[in-house]
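Please read the following explanation alongside the sequence and the structure. The ligand shell is treated before the sheet, and individual residues come last.

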Amino acid sequence: MAAILGGGLGGLSTGYYLLKNNITNNSNLKLFLVEATDYCGGWIKSIKTRDYIFEQGPRTIRPRGITGLNTLNMLQDLGLSEHISFIKPDHPAARNRMIYVNNTLYSLPSSLKGVFQKNEPFSKPLIYAALNDLKQPQKELKDDSIYNFVERRFGKEIADYAISPMICGICAGDAKEISVKFLMKTLFEYEQSYGGVVKGVMKSMFKPKNEETLELGELAKRAQEEKWNIYTIKGGLDTFPFVMKQYLKDNNVDIHLNTKVEEIEFIDSSMVQLKKSNGETMSASHVYSSVPSHILAKLISKQHPQLSQLLSETPFVTVGIVNLYFATEKPLIEPAFGFLVPPIENSPILGVVFDSCCIPDQNGTVLTVMLGGRWFNEKFGSDVTKDRLLEIAVKEIKSILKIEDKVTAYNVGILDKCIPQYIIGHYDRVDRIRDYIQNKNLPISLVGSSYDGVGINDVIYSAKTQVEKDVTK
Ligand SMILES: Cc1cc2nc3c(=O)[nH]c(=O)nc-3n(C[C@H](O)[C@H](O)[C@H](O)COP(=O)(O)OP(=O)(O)OC[C@H]3O[C@@H](n4cnc5c(N)ncnc54)[C@H](O)[C@@H]3O)c2cc1C
């Protein structure tokens, strides 16, 4: 009997892959999943009405790379192919991504041609960044912040106006703290091995590629052929965890909702006990933990303080989400994905997603304002109200997008400690955490967004990888 701790996407996909493994290897491992709340899906939550959809957490998924294609395989297998709404490269949401600098919205270049032209707020065409990289000496390092790396190789403007807002958009974090390996592992390795990124790209062209491969289903093939940029699920992203939960239930996984685990005790290498808040225990031969690492740190602290310390070293940030609906005939915004605000602008908002441009079936203008992240406490304090966040979001929207219309409907969320920050040293620490578990022979595997990537694709792929590792042990 194996236990899955947490019913977010990490826990659900672990269940999915364990069930698939039962079929492939003709085994009959029984499973149960324990979720603290009355809902499976974690941060994925959608509010659906006849006129609009408010996504309170994630909204779009990238179809690229092995992790992106793997998610599409899973969606197809779950029967969700027909429910996917995708955006092709010529759609405005794919072509038009903006940044807000000096009280102005600027579109970022979206084609190769754009790289050779001067695009404000950049003072030179972006191709000059490559020349900068060729001139800069190598700096030997084990890890670095993504900001330092980009500033060193490509210049300060790229670090401030391209990378810093991108990091805000992906993990609501500060590029000056986030590890370069989070997004640019290969480029950093080029610098370390060949003395520069451009040199590394040239040399690697002549080396045989050692890429992981994946057998693609029809949906993944179609996404590749049609070059999908992003996609979502019609009727709300929460259909995804809903269908996964149903798949688990149909395959006899016991799902215990409203069951908070307070402590984990390892009895030996094949026995672990989960202690619930009512004092009862549940036993399993192995536990897959998908709860955030700061929570797991508390659950195992009595027996394994050293492991607990390592787990607690990954910081998490809080994000304010304000969904706004305007019931207007004509769109109040230009067609685009939205805009991000570089931290150097010192704005209370991280960015705005133009949902009515990227999510189908919305009657009017739908926007989502993201606030705080790494700077949440500094900007708003620890006891800010939802009303205050709404007020700030509406004021910023008015000032930046010149929207004077009255908001028809809204939703405000304060997502406490919702995104892990892969700061400098993260990847070494995760290795040390997994080494500790292996050396002590603890019957636990780590999945979820705290370890191997913060996006939906990463979380699903990490579940697959961990399950496959355990099976081949
Ligand atoms: C605002 C926001 C926007 C995002 N946007 C995108 C996006 O557009 N695209 C994208 O790819 N990714 C996005 N992400 C990331 C994506 O949402 C996450 O990668 C994913 O949801 C993480 O899933 P998880 O299962 O690891 O964690 P969680 O969703 O945190 O799930 C953990 C689960 O464990 C449960 N739990 C916690 N403690 C206990 C306990 N003691 N006992 C039992 N259960 C417990 C929780 O209730 C929860 O259900 C976004 C994230 C946020 C917060």
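**The ligand and its surroundings**

The ligand has 32 residues around it, a residue being near if one of its heavy atoms lies within 4 Å, and those that come nearest are Gly10, Glu35, Thr60, Val454 and Ile456. This is a predicted model, in which local features need pLDDT of at least 70 and side-chain atom pairs count only at pLDDT 80 or more, while totals for chains, interfaces and linings use all residues. Residues are numbered from 1 along each chain as its sequence is written, and side-chain values use heavy atoms, with hydrogens and water left out.

Polar contacts with the ligand are pairs of N or O atoms within 3.5 Å; within protein, one atom must be able to donate a hydrogen and the other to accept it, and residues adjacent in sequence count only if both atoms are side-chain atoms. An oxygen atom of the ligand lies 2.8 Å from a backbone N or O atom of Gly10. Glu35 places a polar side-chain atom 2.6 Å from a ligand oxygen atom. At Thr60, a polar backbone atom is 2.8 Å from a nitrogen atom of the ligand. The protein buries 88% of the 1000 Å² that the ligand exposes when taken alone; these areas come from the Shrake-Rupley method with a 1.4 Å probe, and for residues only the protein chains shown count as cover.

Which elements give two or more residues to the shell around the ligand? They are helix H1 (9–24), strand S18 (409–420) and helix H18 (456–471), where helices (H or I, at least four residues) and strands (E, at least two) are DSSP runs numbered from the N terminus. S18 supplies the largest share of the shell, 3 residues. By residue class, the shell divides into 16 nonpolar, 13 polar and 3 charged residues. In this division Ala, Val, Leu, Ile, Met, Phe, Trp, Tyr, Cys and Pro count as nonpolar, Asp, Glu, Lys and Arg as charged, and the others, Gly among them, as polar.

Strand S18 also belongs to an open sheet of 7 strands with mixed pairing, in the order S7-S6-S15-S16-S17-S14-S18; two strands pair if DSSP finds at least two bridges between them. S18 and strand S7 (104–107) are the edge strands, each pairing on one side only. On average, neighbouring strands of this sheet are turned by 25 degrees against each other, direction ignored; the axes are lines fitted to C-alpha atoms, for helices over the stretch in contact, and angles run from 0 to 180 degrees between N-to-C directions.

Within this sheet, strand S6 (residues 97–101) is largely enclosed by the rest of the structure, because 4 of its 5 residues are buried, buried meaning under 20% relative accessible area, exposed over 50%, and partly exposed in between (1.4 Å probe, protein chains only). S6 pairs with strand S15 (residues 338–340) in the parallel sense over 3 bridges, and Met98 stands opposite Phe339 in S15. With S7, S6 pairs in the antiparallel sense over 4 bridges, and Tyr100 has Leu105 in S7 as its bridge partner. S6 and S7 form a hairpin with 2 residues between them, and Asn102 in the turn has a positive phi of about 50 degrees. Another antiparallel pair, over 4 bridges, consists of strand S16 (residues 349–353) and strand S17 (residues 365–373); here Val352 stands opposite Val369 in S17.

Several individual residues remain to be considered. Ser450 is found in the loop between strand S19 (444–446) and H18. Is Ser450 buried or exposed? Ser450 counts as buried because its relative accessibility is 3%. The Ser450 side chain reaches the backbone nitrogen of Ser293 at 2.9 Å. Ile397, in helix H16 (residues 386–401), is also buried, with a relative accessible area of 3%.

Backbone geometry gives further points to inspect. Glu120 and Pro121 are joined by a cis peptide bond with omega of about 10 degrees, and Pro121 lies in the loop between helix H4 (112–115) and helix H5 (128–135). Asp361 is not a glycine, although its phi is positive, about 60 degrees. Asp361 is found in the loop between helix H14 (355–358) and S17 and is exposed, with a relative accessible area of 60%. Lys402, in the loop between H16 and S18, likewise has a positive phi, near 55 degrees. At 62% relative accessibility, Lys402 counts as exposed.
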